[in-house]
Amino acid sequence: MADYSKIVEGIRKVFKSGRTKDIEWRRGQLMAMLKMLDEHRDKFIGALKTDLNKSRFESSVMEVDFARNDLISCLNSLASWVEPEKVSKGIINIMDKAYIRKEPYGVALIMGAWNYPIQLTLCPMIGAIAAGNCIVLKPSEISAASAKLLEDLMPKYFDNECIRCINGGVPETTALLKERWDYIFYTGNSMVGKIIMRAAAEHLTPVTLELGGKSPVYVDNDVDLGIVANRIMWGKCTNAGQTCIAPDYIMCTKQTQDALVEKMKSTLNNFYPDGPAKSEDYPRIVNDRHFQRVKKLMTGSGKVAIGGDSDETQRYISPTVLTDVKFADPIMQDEIFGPVLPIVPVRNEDEAIQHILDGEKPLSMYVYSQNQSLVDKMTESCSSGGFVSNDCLLHAGVPTLPFGGVGNSGMGAYHGQFSFNTFSHKRACLEKKLKMEGVNSLRYPPFTSKKENS
Ligand code: NAD
């Protein structure tokens, strides 16, 4: 293992020199990332194929171009984001300058998860660079091909005295977490999130935690179930369900469940005419441990209404829908993070709301209904990181919306300007003149009653 203390010390020294505060430096590093993506698009797509069997389309839209679009909008807006923000002031400060300076924290540790190994590393980096921080990136060891590619390419594009990629598993991460960081941005599961926060507490380091959870779906009785089936199955089959905001489970009435399942069968036939196993468009489970975990979830909860097939040699799990699942069943205890979709029949939206309120706050929540008052009722009754009505996942692609969790699904947010804000300390600045001492002296002792009443 490398000497991390020495690496961080070296990077911090350069940070203190002020190099990264220069807007041109930031712009240069962002341009370098753009160049890296453009010159090696095929390598990124190839690594994602190796890690998760992602299709070219999914890798482009959800990873390479996702980061690219974030980069371009950041480059276009950087000049305005870095501007100090004037604030309104009271009469007492009428002659003073009051403003907020956006300053970098220093050296940021960014740790990515394996399910979107390019997007989840590069997008936080965009915010960190834009805000003028130095970075140590720790990709997930589970998506090994993507991690290796980042480790190989990054030194060729970035200023290595300020931006580094360090690969490794739990021992390396544990060692990295002993260092003093000025910011930690972590994406992964909630259990490790607690480890990160404990380590950060040691140095009072601020954190953003992008975690997971069970994102619920409620389907009302009044909707076009063909459209709903398309949209939910798209959300669940994307990356074979290994998406932090994937629809985790559905709640609807028993009658809606039975009709929805029929529509889902047609949806899957349309998505994968020769079956998902033969389709180039259907990803695989990332490793054997996760394959065994997801496979186990296909049994012991409700009935298999669709799918239920698997192939260990390929880590293939078919899109699987379970019906008549109960809240107490094994599949309803933890985030599924795979292509298995349980449907829990409920009497009405009140039962669904009660169930959401009784659990941890989810990362996302989805409601399919034509009835705006029902949509409003569900949004107002329950908290979640994000919310979409009549679709799923798409809020993550709206750069003007903050992306993040709440409670057990995380803290802090990013994407677009929110990424820049996350990595910026908002410094309160008040600039005064050595004038008007008469007015100013009102605050000096002795505190006479005349001063108190003035
Ligand atoms: P992972 O195993 O790749 O872990 C993420 C990071 O934590 C890696 O860099 C890894 O090296 C590190 N890590 C793992 N165990 C550790 C330990 N014991 N000590 C210190 N560091 C450790 O990814 P994962 O956690 O399996 O990711 C899946 C989870 O992440 C799901 O819960 C998913 O919902 C969540 N997720 C959230 C988002 C989001 O944006 N909110 C995005 C993707 C994934």
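In this predicted model, the ligand is surrounded by 28 residues, of which S140, G188, N189, G212 and C244 come nearest. Sorted by class, this shell holds twelve nonpolar, twelve polar and four charged residues. Two helices, α7 (170-178) and α8 (190-202), each supply at least two residues of the shell around the ligand, and α7 gives the most, with three residues.

A second region of interest is a sheet, whose elements are listed here.

| Strand | Residues |
|---|---|
| β1 | 85-86 |
| β2 | 97-104 |
| β18 | 424-431 |

The sheet is open and is formed by three strands in the order β1-β2-β18, with antiparallel pairing. Because β1 and β18 stand at the edges and each has a single partner strand, one side of each is left without a neighbour in the sheet. Strands of a sheet pair through backbone hydrogen bonds, which may run either parallel or antiparallel. Between β1 and β2 the antiparallel pairing extends over two bridges, and E85 has I100, in β2, as its bridge partner.

Turning to a single side chain, W25 is found in helix α2, which covers residues 23-39. W25 has 16 other C-beta atoms within 10 Å and is therefore partly exposed, since that class lies between the limits of 12 or fewer for exposed and 20 or more for buried residues. When neighbours within four places in sequence are left aside, W25 is in contact with R19 and T20. W25 and I129, although 104 residues apart in sequence, are separated by 9.0 Å in space, taken from C-alpha to C-alpha.

Notes. Residues numbered from 1 in each chain as written. Predicted model: local features only at pLDDT ≥ 70, side-chain atom pairs only at ≥ 80, totals over all residues. Near = placed C-beta within 6 Å. Helix = DSSP H or I, 4+ residues; strand = E, 2+ residues; numbered from the N terminus. Nonpolar A, V, L, I, M, F, W, Y, C, P; charged D, E, K, R; others polar. Contact = placed C-beta atoms within 7 Å. Pairing = 2+ DSSP bridges.
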